[in-house]
Amino acid sequence: MNQQSNNSFHLLTVCTGNICRSPLAEALFQDAYEADPDVYVSSAGLEALVGFPIDEQAAKQLVRLGGNPDDLFAEQFEDAHARSANLILTMSLAQRQQITRDFPRAALRTFTLAEFAEISTAAVNESGSSLPLAGLLAYARKHRGSHKVDSSKDVQDPFRQPDPVHEATAEHIHRLAQQIIHASSEAR
């Protein structure tokens, strides 16, 4: 796992408890960007179960997708996250709204995972090639108003749900993460 440095691009995934959705997304992005020391990936929760490891069912899905659930422990989203993250990807519109309300300095860097995936695809289609994460973020900031964002595109919370819900959620996250990874020039 890459360590954050002053010149790193910090991608932060956020959900509620930080034990199902955001750590799964974190691990998928970490795997894609592990070869680039200038990309740092982490996750946090708005109501984190601080110190808890990734949920057992979420870990099972992560392993199925080729990821590693080790070293994924919940942490609380705080002002330091809002300051340090270049890009904050939430799992739901309500979470995006909460961050932009409670941490206004992060508003221009906060998107839902689905929203940023859609905008990233549009950026690549327009430019004809992949872009660095900073370039995708600049494009997203400029074009966010032209992309409809609503809760129908939210990543469902699988906490305390049966395996099929965890599998569907993992597939949804994986599909959206792959859109961003394919649009990004830093991904391996």
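Here's a short back-and-forth about the fold and packing of this predicted model.

Me: What pattern does the protein chain follow along the sequence?
Reply: Start with the parts list: the protein chain has 7 helices and 4 strands. Put in sequence order, they give β-α-β-α-α-β-α-β-α-α-α.

Me: How compact is the protein chain, judged by its radius of gyration?
Reply: For 188 residues the globule rule gives 16 Å, and the chain comes close to that, so it's as compact as a globular protein of that length. The C-alpha trace spans about 40 × 35 × 35 Å along its principal axes. As for the radius of gyration itself, that's 15 Å.

Me: Of the contacts with a separation of 6 or more, what share comes from residues 24 or more positions apart?
Reply: Contact here means heavy atoms within 4.5 Å. Among pairs with a separation of 6 or more, residues 24 or more positions apart account for 73%.

Me: Which residues have the most contacts inside the largest nonpolar core?
Reply: That core has 48 residues. Helices α1, α2, α5, α6 and α7 each supply at least two of them, and so do strands β1, β2 and β3. Apart from it lies another core of 11 residues, with Phe77 and Ile99 among them. Back in the largest one, the residues with the most contacts are Phe29, Tyr33, Leu89, Leu113, Phe116 and Ile180.

Me: Which residues does Phe29 touch, leaving out those up to four places away in sequence?
Reply: Phe29 falls within the 21–33 stretch of α1. Skipping its sequence neighbours up to four places away, Phe29 touches Leu11, Thr13, Val41, Leu89, Leu113, Ala177, Ile180 and Ile181.

Technical notes. Residues numbered from 1 in each chain as written. Predicted model: local features only at pLDDT ≥ 70, side-chain atom pairs only at ≥ 80, totals over all residues. Heavy atoms only, no water. Helix = DSSP H or I, 4+ residues; strand = E, 2+ residues; numbered from the N terminus. Rg over C-alpha atoms; globule rule 2.2 N^0.38 Å. Core = buried A, V, L, I, M, F, W, Y, C linked by side-chain atoms within 4.5 Å. Buried < 20%, exposed > 50% of the residue type's maximum accessible area, 1.4 Å probe, protein only.
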